[in-house]
Amino acid sequence: MKHDIETLLASLKGKLFLTREERGSVRMHLAAFMRRNSVTFPGKSGLLSRGSTPASSLFKNLFTRDRNRMAPLAIGLILALSAGGGVALAAEGAIPGDILYPIKVNVAEKVESAFAVSDTAKANLETRFANERLKEALELASRGSLDARARADLEGRFNTHVESAERHIAKLRARGDAKGVTDVEGRLESSFDVHAIAFMDLDASASVGTSTKIEVRGILNVIKRRAADVRGRSHNEDGTSERKNRGGTEDVPSDNRGSGASTTKASAGGSGDGVQDIHEDEEIDIRHNNDSGANSKGSVEEGSIHVTLPL
Amino acid sequence: MAPMNQSDCERWFLAMYESHADAIFRFCCYKLRDREAAVEITQDTFTRIWEYIARGKTIEHFRAFAFRTARNAIADYVKKARPLYEHDLAEVAERLLDHSVESTAPDMAELSGVLGCLRGLSEDDQELVMLRYTEGMSVKDIAADLGERPNTVAQRLKRALQALRECLGVVPSRKTS
């Protein structure tokens with residue numbers, strides 16, 4: 001035997017892993033599943049234990065990932081806030097149209113950016129800000145107040161953050177920091193996926209007005225384009241030609257689990273989130289209503305939307 | 001410790017998924033010897049974990065919890081009377097490995113041999129070998145995850161490796177596990 005057993009077993013790690021397609025498909029399923037099954041928080045003390053759980057505040061990254069790198073930021077922010085930055089803290093939950101929103105995006109986030117040192121930290125921060133813009137757009141849309149102006153503003157800011165994150169990712173890539181690139185791109189992709197699902201839900205919702213849906217679709221297209229860019233770049237960097245998923249239908253292992261989404265191929269009668277057999281750059285129909293028929297091409301008026309998923 | 005809202009939980013969970021998905025997938029591959037089934041059970045595993053979190057439960061050690069959940073998901077899968085694939089060894093390796101990864105014929109043959117001999121070990125020992133040599137976990141971490149003493153784990157690993165070498169007809173190495 002040419003190789004030692006231990007070497008052969010170790011080599012499996014580099015040979016046996018989820019393809020990007022499989023990984024993305026499972027992640028899409030999980031994103032949809034999470035939205036259907038929200039977390040029950042036991043009052044305000046709803047905490048998850050160890051395992052790097054993120055915080056919901058401005059300080060999220062300070063106490064989770066990159067602790068060492070973020071320490072100077074923590075100190076800086078504490079000083080800044082104690083010197084009258086309480087307003088910035090109060091602005092944290094602001095959305096476009098609120099008085100404190102300019103403080104949030106022009107002061108609080110800029111301060112945070114100033115203290116991010118490494119490219120990884122900067123890329124993560126920009127990813128979070130991009131994520132924040134999408135959350136704000138969602139919030140506005142769900143209130144029915146996402147108009148063309150607000151959408152254009154948020155879209156512009158979102159693009160700026162994504163481009164900035166990509167510049168830092170490029171630097172990481174140039175330095176050969178493959179793990180850093182994968183981590184940040186994974187976070188970026190996750191954010192795109194989670195929000196794409198949320199915007200698709202809104203677009204399919206009967207309670208959202210037509211004018212808001214137009215803006216929602218606009219944002220959705222931007223997310224799709226950005227996601228395709230990130231995935232395309234990663235794909236090219238890998239220099240691999242990944243195979244398509246094999247066939248097979250999902251067999252949901254429990255009564256309420258995975259209603260409709262599939263790792264490989266949704267069954268014809270699937271309902272729910274409507275995630276189907278997904279291939280790169282393939283056009284598919286996603287039906288969001290609860291009909292039980294097989295997915296088929298349909299118009300927006302019929303309650304289905306026609307999108308090109310970024311996976 | 002930081003308070004979380006739904007959105008934070010989702011991002012945290014997807015980050016955990018990104019970190020652990022491949023390891024869980026390999027674990028499922030070892031157990032099921034079928035790539036498609038392994039992808040399915042990987043998805044099932046993370047879905048179950050989210051259900052657990054969504055009920056407001058806490059997770060102390062995510063990796064250990066994920067492996068435990070995967071074991072349960074695999075057991076449920078097998079209980080449904082789905083036979084484990086019993087293809088010839090070359091086909092097993094073929095079914096598991098992604099086609100985008102270059103593997104030479106001798107590599108595949110060696111790998112098939114190892115996979116075949118692994119089947120001669122008990123389920124528990126297969127798992128130990130995988131966690132130690134493929135995932136690169138320390139004996140101490142494995143012992144902590146399984147709730148066993150490190151010495152016990154080290155002894156079992158040593159015996160499992162010896163059995164693998166005998167099966168493959170390899171002269172025992174002087175390396176220690």
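This briefing walks through a two-chain structure, from whole chains down to single residues. The model is predicted. Chain A has eight helices and two strands. Chain B has eight helices and zero strands. Two helices, α5(A) and α1(B), get a closer look below, as do two helix crossings and three single residues.

**Chain A overall**

- Chain A holds 311 residues, and 51% of them count as buried.
- Along the sequence, its elements run α-α-α-α-α-α-α-α-β-β. The eight helices come before the two strands in this order.
- Take the contacts in chain A with a separation of 6 or more: 63% of them are between residues 24 or more positions apart.
- The accessible surface of chain A is about 13600 Å². Carbon and sulfur atoms supply 53% of that surface.

**Chain B overall**

- Chain B holds 177 residues, of which 54% count as buried.
- Read from the N terminus, its pattern is α-α-α-α-α-α-α-α.
- Among contacts in chain B between residues at least 6 apart in sequence, 61% link residues at least 24 apart.
- Its accessible surface comes to about 7600 Å². Carbon and sulfur atoms account for 52% of this area.

**Helix α1 of chain B: a kinked helix**

- Helix α1(B) covers residues 6-32, a run of 27 residues.
- Its end C-alpha atoms are only 34 Å apart. A straight helix would reach 39 Å at 1.5 Å a residue.
- α1(B) has a kink of about 50°, and His20(B) is at the centre of that kink.
- Of the 27 residues in α1(B), 24 are buried, so the rest of the structure largely encloses this helix.
- Arg33(B) follows α1(B) and has a positive phi, near 55°.

**Helix α5 of chain A: span as expected**

- Helix α5(A) runs over residues 119-143.
- Its 25 residues should span 36 Å at 1.5 Å a residue. The end C-alpha atoms are 36 Å apart, so the two values agree.
- Most of α5(A) is covered, with 20 of its 25 residues buried.
- Gly144(A) comes just after α5(A) and takes a positive phi of about 80°.

**Where the two chains meet: α1(A) and α6(B)**

- Helix α1(A), residues 5-15, packs against helix α6(B), residues 123-134.
- The angle between them is about 75°, and their axes are 8 Å apart. The two helices are therefore roughly perpendicular, since 65 to 115 degrees counts as such.
- On the α1(A) side, the contact is made by Glu6(A), Leu9(A), Ala10(A), Leu12(A) and Lys13(A).
- On the α6(B) side, Val129(B), Tyr133(B) and Thr134(B) take part.

**A crossing inside chain B: α6(B) and α8(B)**

- Helix α8(B) covers residues 150-168. Its axis and that of α6(B) come within 9 Å and cross at roughly 95°.
- That makes α6(B) roughly perpendicular to α8(B).
- From α6(B), the residues involved are Asp124(B), Asp125(B), Leu128(B), Val129(B), Arg132(B) and Tyr133(B).
- They meet Val153(B), Arg156(B), Leu157(B), Ala160(B), Leu161(B) and Leu164(B) of α8(B).
- Val129(B) and Tyr133(B) are among the residues that meet α8(B), and both also take part in the contact with α1(A).

**Three residues to find**

- Lys122(A) sits in helix α5(A). Its relative accessibility is 28%, so Lys122(A) counts as partly exposed.
- Leaving out residues up to four places away in sequence, Lys122(A) touches Ala116(A), Val117(A) and His168(A).
- Lys122(A) and Arg167(A) are 45 residues apart in sequence, with their C-alpha atoms 9.8 Å apart.
- His29(A) belongs to helix α2(A), residues 20-36. At 1% relative accessibility, His29(A) counts as buried.
- His29(A) and Ile197(A) are 168 residues apart in sequence. Their C-alpha atoms are 9.7 Å apart in space.
- Tyr52(B) lies in helix α2(B), residues 35-54. Its relative accessible area is 22%, so Tyr52(B) is partly exposed.
- Beyond residues up to four places away in sequence, Tyr52(B) touches Lys57(B), Thr58(B), Ile59(B) and Phe65(B).

Definitions and conventions
Residues numbered from 1 in each chain as written. Chains lettered and ligands numbered in written order. Predicted model: local features only at pLDDT ≥ 70, side-chain atom pairs only at ≥ 80, totals over all residues. Heavy atoms only, no water. Helix = DSSP H or I, 4+ residues; strand = E, 2+ residues; numbered from the N terminus. Buried < 20%, exposed > 50% of the residue type's maximum accessible area, 1.4 Å probe, protein only. Contact = heavy atoms within 4.5 Å. Areas by Shrake-Rupley, 256 points an atom, 1.4 Å probe, with all protein chains shown as cover. Expected span 1.5 Å × (residues − 1). Bend = angle between axes of the 7 residues up to and from the residue. Axes fitted to C-alpha atoms, helices over the stretch in contact; angles between N-to-C directions. Parallel < 35°, antiparallel > 145°, perpendicular 65-115°, else oblique.
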